[in-house]
Amino acid sequence: MISLLKKALPNQVAVIAQHGNASTMERKFLKEHPEYFIFSMVRNPWERLFSWYSLLYKWDPLNLEEERIRFEEFLINTAQDNGNDSFLLNQLDYFKNTTHSMDDVTIYRYENYMEEIKKIADRLGIDIQEIPLLNETTPKNYRAYYTEKGKALVAQKCARDIDHFGYSY
């Protein structure tokens, strides 16, 4: 999305970090520009964490059973919130700051990526002919990789997102 916006609006797009959020360094930027259109994409937490894992282990595939074990270990050991990594926050935490409320943020869903990108482009008055996919991995059904323990860990960790955005496994 960022590359599309920078290409279409080269002198009008300000992005501090690709996965930045309103509770980190972007807070000052948002405070200085309250008139800006603020939007974000949210994603099913189970799919989001599996996607992160898949990208990290893209070049080290295992058979399904070994992959399930490694993924569960990843959830237990790596995907723990240490307070520093925005990937580990509930997505609702991305929008917290002292100058804007959730009502100020337009939320789009990753599950409808192509349609949502078109909505953003329409909102900004830009023409996007092609929507490239970046950081692609081989498509996999995330449900096949979760153990019961892994499902429960994500359900517990991301309970606020699941409730607020209506996600289910």
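This short talk goes through the overall make-up of a predicted model and then the packing of helix H3 against two other helices.

Let me begin with the whole chain, which in this predicted model contains seven helices and two strands, and which, when read along the sequence, follows the pattern α-α-β-α-α-β-α-α-α. Of the 169 residues in the protein, 36% are buried. If we take the contacts with a sequence separation of 6 or more, 73% of them are between residues 24 or more positions apart.

I would like to turn now to helix packing. Two packed helices are described by the angle between their axes and by the distance between those axes. For helix H3, which spans residues 45-56, and helix H4, which spans residues 64-78, the angle is about 110° and the axes lie 11 Å apart. Because angles of 65 to 115 degrees count as roughly perpendicular, that value makes H3 roughly perpendicular to H4. The crossing in which H3 passes H4 is right-handed. On the H3 side the contact is made by Leu 49, Phe 50, Trp 52, Tyr 53 and Leu 56, while H4 brings Glu 67, Arg 70, Phe 71, Phe 74 and Leu 75. Sorted by class, the residues in this contact of H3 with H4 are eight nonpolar and two charged, with no polar residue among them.

The second partner of H3 in this talk is helix H6, residues 148-157, and here the packing angle is about 115°, with the axes 10 Å apart. With that angle, H3 is again roughly perpendicular, this time to H6, and H3 passes H6 in a right-handed crossing. Which residues make the contact of H3 with H6? From H3 they are Pro 45, Trp 46 and Leu 49, and from H6 they are Lys 151, Val 154 and Ala 155. By class, this contact of H3 with H6 has five nonpolar residues, one charged residue and no polar ones. Leu 49 deserves a second mention, since that residue is listed in the contact with H4 and also in the contact with H6.

Finally, let me stay for a moment with Lys 151, which is found in helix H6. What does the side chain of Lys 151 join in a polar contact of 2.7 Å? The partner is the side chain of Glu 148. Leaving aside residues up to four places away in sequence, Lys 151 touches Trp 46, Tyr 146 and Tyr 169, and Trp 46 is one of the H3 residues that we met in the contact with H6.

Definitions and conventions:
Residues are numbered from 1 along each chain as its sequence is written. This is a predicted model: local features need pLDDT of at least 70, side-chain atom pairs count only at pLDDT 80 or more; totals for chains, interfaces and linings use all residues. Side-chain values use heavy atoms; hydrogens and water are left out. Axes are lines fitted to C-alpha atoms, for helices over the stretch in contact, and angles run from 0 to 180 degrees between N-to-C directions. Helices (H or I, at least four residues) and strands (E, at least two) are DSSP runs, numbered from the N terminus. Angles under 35 degrees count as roughly parallel, over 145 as roughly antiparallel, 65 to 115 as roughly perpendicular and the rest as oblique. A crossing is left-handed if the near helix is turned anticlockwise from the far one by less than a right angle, and right-handed if clockwise. Contact means heavy atoms within 4.5 Å. Ala, Val, Leu, Ile, Met, Phe, Trp, Tyr, Cys and Pro count as nonpolar, Asp, Glu, Lys and Arg as charged, and the others, Gly among them, as polar. A polar contact is a pair of N or O atoms within 3.5 Å; within protein, one must be able to donate a hydrogen and the other to accept it, and residues adjacent in sequence count only if both atoms are side-chain atoms. Buried means under 20% relative accessible area, exposed over 50%, partly exposed in between (1.4 Å probe, protein chains only).
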